[in-house]
Amino acid sequence: MPSETLHLPTPDGRADAFAAFPDDGERHPGVLMYPDGFGIRPVLREMARELAGHGYFVLVPNVFHRHGPAPVIDLPEHIGEEARPAVLARLMPLIEAHTTERVLRDADAYLRFLTARPEVAAGPVAVTGYCIGGLLAMRTASAHPGRVAAVAGFHGPVTADGPDGLHRLLSPITAEVHLGHAASDLTPEALGELNRALDAAGVDHTSEIYPGTVHGFTMSDTDAFDAAALRRHWDRLLPLLERTLAHG
């Protein structure tokens, strides 16, 4: 599976990114994949390659590019519970500095770059994301309703801005949405409130708690990893993309 490290122009400088795509000379639908807070690393490259193998051009940006190329901080090979507090202490200032304004400036640049690639088919794209990347995916879909046909977020804090912020986030979305929540992140009652907000906004969606999971369940380099939940993630994501994106 071909892959490249790319450098994307943004209003705030060049952002490094990882891309994976089929090796068949054809044009394929584009997918913007936002990483979790730990950023681009081997597990994200592996997931991008796996998705690309199903017929997509997958772009994974370094969302913290203002602070340097990925990896922005040193990461252990396995991010276990012992290492997690120190890693998060270094990451939180970067996450807090990544304001909605910055997110939207970057999203526009990422989508322009992705759709201009000669390997990417004409038409709308999909956006997916993990952890904080799930929220970035939703913000991207909200800001670009005509360009994003599908959005998926996994263990993402989509309700982080409260009820008013959630309404502003959801109301512009025209994409089909799938949200896969960790059982440790969202109670059934909170899930019900979120799903009622999705219904009220007219969003075509599935939104569910993945049973027995904790935050970060898709990431095989963490203690949160759940192999069954990762399979469920693919079982939800791949049909979503197949329904909404026309293969070139």
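This report covers the salt bridges, the largest pocket and the nonpolar cores of a predicted model.

**Salt bridges**

The structure contains 14 salt bridges. Side chains of opposite charge can pair when their charged atoms come close. Three of the pairs are tabulated here, each with its N to O separation.

| Pair | N to O distance | Burial |
|---|---|---|
| R66 and D12 | 2.7 Å | R66 partly exposed; D12 partly exposed |
| R41 and D36 | 2.7 Å | R41 buried; D36 buried |
| R117 and E119 | 3.0 Å | R117 buried; E119 partly exposed |

Take R66 and D12, whose side chains meet in a salt bridge at 2.7 Å. R66 sits in the loop between β4 (57-61) and α2 (84-97), while D12 sits in the loop between β1 (3-10) and β2 (13-20), so this pair ties together parts that are 54 residues apart in sequence. R66 has 22% relative accessibility, so it counts as partly exposed. D12, at 34%, also falls in the partly exposed class.

R41 and D36 form a salt bridge as well. Here both residues are buried.

In the third pair, R117 and E119 have their closest N and O atoms 3.0 Å apart. The burial limit is 20% relative accessible area. R117 has 14% and therefore counts as buried. E119 has 21% and therefore counts as partly exposed. Elsewhere, salt bridges with shared partners link D12, R66, E101, R105 and D106 into one network.

**Largest pocket**

How much space lies in the largest pocket? The value is about 270 Å³. Its lining comprises 16 residues. Those nearest the pocket centre are G37, R84, L88, C131 and H215. The element that gives the most to this lining is α2, with 5 residues. By class, the lining splits into 9 nonpolar, 5 polar and 2 charged residues.

**Nonpolar cores**

The largest nonpolar core has 50 residues. Which residues have the most contacts inside it? They are L32, Y34, L59, M138 and I173.

Y34 deserves a separate entry. Setting aside neighbours within four places in sequence, Y34 is in contact with P61, V63, A107, Y110, V127, T128, G129, Y130, G133, L136, A137 and T140. One of these partners, Y130, belongs to a second, separate core. That second core has 31 residues, including V31, M33 and I40.

Notes:
Residues are numbered from 1 along each chain as its sequence is written. This is a predicted model: local features need pLDDT of at least 70, side-chain atom pairs count only at pLDDT 80 or more; totals for chains, interfaces and linings use all residues. Side-chain values use heavy atoms; hydrogens and water are left out. A salt bridge is a side-chain nitrogen of Lys or Arg within 4 Å of a carboxyl oxygen of Asp or Glu. Helices (H or I, at least four residues) and strands (E, at least two) are DSSP runs, numbered from the N terminus. Buried means under 20% relative accessible area, exposed over 50%, partly exposed in between (1.4 Å probe, protein chains only). On a 1 Å grid over the protein atoms alone, a cavity is a set of points where a 1.4 Å probe fits but cannot get out, and a pocket is an open set with protein on both sides within 12 Å along at least five of seven lines; lining residues have an atom within 4 Å of a point. Grid points are joined across faces, edges and corners, and a volume is the space filled by probe spheres set on the points. Ala, Val, Leu, Ile, Met, Phe, Trp, Tyr, Cys and Pro count as nonpolar, Asp, Glu, Lys and Arg as charged, and the others, Gly among them, as polar. A nonpolar core is a set of buried Ala, Val, Leu, Ile, Met, Phe, Trp, Tyr and Cys residues joined through side-chain atoms within 4.5 Å. Contact means heavy atoms within 4.5 Å.
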